[in-house]
Amino acid sequence: DFIFNEEMKMYRAEGVPCESMTFKDNKLCLALIEGNGKGGAPVGLLKLVDEQNSLGSSGTDLKFASAANNHHGGGAKVPNTYYSKNKTHQNFFTVSHFAGPVEYKTDGFVEKNADSTSESLLNMARTSGLSLVKKLFAREAESETGVRGTPAATRSRKSASSKSKTIGTQFSQQL
């Protein structure tokens, strides 16, 4: 509601004609996607796929789908009404978003969530002739190492991969 109400205020302030609207509360849908599991709440889909990534080679797409069903579907204490398990394919589930239901096939989720940007591409950006690009990637290196001015290229590959953020984590931080 907050974002929509702020937009409506802005429209009115700018003289843009708009009708008052009521918006469906989608807190349960957001909890399904990004829930942190605190206070007895279920762990969200982004955290569940992150968990599979943290397991290394033993983390799989099928285990992610199973965990999603256990936390939000028929296996949950209180199933989330925005989540439904596919009855015939265990690697599919549906999320009923604001705009309508979307079916997801989990094949490739864990791999895609790993954010495997090549180190050579990152190093190229960090040494770019464009100052903006160089600054953006220098900041990323500082936040990963915790040391101002420490180039990420001096870190070992092992420490770089252990500190890398998954796509799901990056998305959650942007919300």
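This passage walks through the overall fold of a predicted model and then looks at one helix and one surface patch.

The protein is built from 9 helices and 3 strands. Followed along the sequence, these elements come in the order α-α-α-α-β-β-β-α-α-α-α-α. The chain comprises 175 residues, and 29% of them count as buried. Among contacts in the protein with a separation of 6 or more, 41% join residues that lie 24 or more positions apart. The surface that the protein exposes amounts to about 12,100 Å², with carbon and sulfur atoms supplying 57% of it.

Helix α6, which spans residues 119–126, offers a helpful place to see how buried and exposed positions are arranged. Its buried residues are Leu122, Ala125 and Arg126. Viewed down the axis of α6, these buried residues fall within an arc of 100°, and they therefore line one face of the helix. Ser120 and Met124 are exposed, and both sit on the face of α6 that is turned away from its buried side.

A second feature to look for is on the surface, where Met10, Tyr11 and Val16 form a nonpolar patch. Together, these three residues have about 230 Å² of accessible area. Within this patch, Tyr11 belongs to helix α1, which runs over residues 2–13. The relative accessibility of Tyr11 is 32%, so this residue counts as partly exposed, a class that lies between buried, under 20%, and exposed, over 50%.

Note on methods: Residues are numbered from 1 along each chain as its sequence is written. This is a predicted model: local features need pLDDT of at least 70, side-chain atom pairs count only at pLDDT 80 or more; totals for chains, interfaces and linings use all residues. Side-chain values use heavy atoms; hydrogens and water are left out. Buried means under 20% relative accessible area, exposed over 50%, partly exposed in between (1.4 Å probe, protein chains only). Helices (H or I, at least four residues) and strands (E, at least two) are DSSP runs, numbered from the N terminus. The arc is that of the directions from the helix axis to the C-beta atoms. Contact means heavy atoms within 4.5 Å. Accessible areas come from the Shrake-Rupley method with a 1.4 Å probe; for residues, only the protein chains shown count as cover. Patches are made of residues with over 30% relative accessible area and no salt bridge: like charges are joined within 9 Å, nonpolar side chains (Val, Leu, Ile, Met, Phe, Trp, Tyr) within 5 Å. A salt bridge is a side-chain nitrogen of Lys or Arg within 4 Å of a carboxyl oxygen of Asp or Glu.
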